Amino acid sequence: MSHEGNDVITEPSCGDSNNSQTDTISKRQRKKLLKHQQWEEQRDLRKQRRKEKRQKKRQERSTQEEEGAEWVSRKRLRSEVQPSPLRLVVDCSFDSLMMFKDVRKLHKQIQRCYAENRRTLHPVQFYLTSLGGQLKQNMDETDKGWVNWKDITIKTEHYHEVIPREELVYLTSDSPNVLTELDDNKAYVIGGLVDHNHHKGISFERAKELGIQHAQLPLESFVKMNSRKVLAVNHVLPQRKGAVPVDQNGQAVEDKEDEDSDRESDGTNTVKDNTSSMPDQQEEANEQIEA
């Protein structure tokens with residue numbers, strides 16, 4: 001049966017044969033009915049999706065709480081920091097004496113110094129002076145975040161223009177003076193120079209020219225070294241320098257590594273193997289400078 005303006009579908013009635021009534025359903029009604037049936041069939045699927053969504057939200061809240069606790073822990077740790085009055089200055093005025101590859105190594109040493117000083121509970125007052133030239137270029141190109149470094153004083157001026165000369169002590173292995181104690185009123189200068197010993201004694205000569213105090217670290221009182229007492233900016237002591245600890249009488253302490261090799265744990269051997277498998281990284285990290 002059909003009417004103008006409204007298509008219908010006529011189906012026979014399931015009632016008594018005397019009842020000739022028919023059920024008439026329009027296409028629109030049929031669509032609604034099918035949609036309702038689909039909705040009912042997908043009830044369990046919707047329920048599962050809601051459950052998964054709630055689980056995801058709980059997981060996100062848990063993660064946020066853990067991160068919040070970690071942040072509170074870091075904040076509490078920072079609140080326990082007690083800055084040291086000691087001042088440490090890296091003299092970057094040797095830029096023109098270095099090849100660019102050595103400037104990059106100096107940059108990495110400075111990064112390590114900065115990172116270690118930020119992590120310690122008693123950070124020194126850290127200075128970079130005479131920043132410019134190749135070093136600044138490399139920092140701008142590979143470490144743009146350096147401009148946001150905190151707890152550090154960075155100057156383009158020379159160190160003696162930033163700190164009074166009478167407060168300066170240049171640390172150089174060529175000085176005849178041995179540093180026996182640290183003075184809170186002094187600023188200790190390290191020469192930022194990776195030169196592979198091409199400019200021996202240059203930091204000592206510059207200290208004398210400027211008329212400032214100079215001293216060497218008391219390394220012989222603590223370690224025995226087979227070569228010049230020259231350290232990296234980040235105070236790394238290279239194994240190739242043959243440094244071994246000494247006792248109170250100044251005698252080298254015997255290395256018991258060979259005796260104990262059979263008793264060493266697998267973890268120790270693994271560390272030693274990993275160290276020896278990265279010569280390029282150690283070479284780069286342990287380059288010598290005038291200090």
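Which residue forms a salt bridge with aspartate 140, and how far apart are the closest N and O atoms? The partner is lysine 136, with the closest N and O atoms 2.9 Å apart. The legends below describe close-up views of a predicted model.

**View 1. Aspartate 140 and lysine 136 pair within helix α4.** The two residues are four apart in sequence, about one turn of the helix. Their side chains form a salt bridge, with 2.9 Å between the closest N and O atoms. Aspartate 140 is partly exposed, because its relative accessibility is 29%. Lysine 136 is partly exposed, with a relative accessible area of 32%. A search of the whole structure finds seven salt bridges.

**View 2. Glutamate 116 and arginine 119 pair within helix α3.** Three residues separate them in sequence, about one turn of the helix. They form a salt bridge, and the closest N and O atoms are 2.7 Å apart. Glutamate 116 has a relative accessible area of 48%, so this residue counts as partly exposed. Arginine 119 is exposed, at 57%. The cut-off for exposed is over 50%, which means that 57% passes and 48% does not.

**View 3. Glutamate 167 and arginine 87 link distant parts of the chain.** A salt bridge joins the two, with the closest N and O atoms 2.9 Å apart. Glutamate 167 sits in the loop between α5 and β6, and arginine 87 in strand β3. In sequence they are 80 residues apart. Glutamate 167 counts as partly exposed at 25% relative accessibility. Arginine 87 counts as buried, because its relative accessibility is 14% and buried means under 20%.

**View 4. Isoleucine 163 lies in the loop between α5 and β6.** Helix α5 spans residues 159–162 and strand β6 spans 168–171. Isoleucine 163 is buried, with a relative accessible area of 4%. The C-alpha atoms of isoleucine 163 and arginine 87 are 10.0 Å apart. In sequence, 76 residues separate this pair.

**View 5. Aspartate 95 is buried without a salt bridge.** Its place is the loop between β3 (87–91) and α3 (100–119). The nearest side chain of opposite charge belongs to arginine 206, 11 Å away. What does the side chain of aspartate 95 reach at 2.9 Å? It reaches the backbone nitrogen of glutamine 134.

**View 6. Serine 130 and aspartate 151 have positive phi values.** Most residues other than glycine have a negative phi. Serine 130 has phi near 60°. This serine 130 is found in the loop between β4 (125–129) and α4 (133–142). Serine 130 is buried, with a relative accessible area of 14%. Aspartate 151 has phi near 55°. Its place is in the loop between α4 and β5, a strand of residues 152–154.

**View 7. Lysines and arginines gather in a patch of positive charge on the surface.** The patch holds Lys47, Arg50, Lys51, Lys53, Arg54, Lys57, Arg58 and Arg61. One of these residues, lysine 57, is found in helix α2, which runs over residues 43–79. Is lysine 57 buried or partly exposed? Lysine 57 is partly exposed, because its relative accessible area is 43%.

How values were computed: Residues numbered from 1 in each chain as written. Predicted model: local features only at pLDDT ≥ 70, side-chain atom pairs only at ≥ 80, totals over all residues. Heavy atoms only, no water. Patch = residues over 30% accessible without salt bridge, like charges linked within 9 Å, V, L, I, M, F, W, Y side chains within 5 Å. Areas by Shrake-Rupley, 256 points an atom, 1.4 Å probe, with all protein chains shown as cover. Salt bridge = Lys/Arg side-chain N within 4 Å of Asp/Glu carboxyl O. Lys, Arg positive; Asp, Glu negative; His and termini not counted. Charge placed at Lys NZ, Arg CZ, Asp CG, Glu CD. Buried < 20%, exposed > 50% of the residue type's maximum accessible area, 1.4 Å probe, protein only. Polar contact = N/O pair within 3.5 Å; in protein donor to acceptor, adjacent residues only side chain to side chain.
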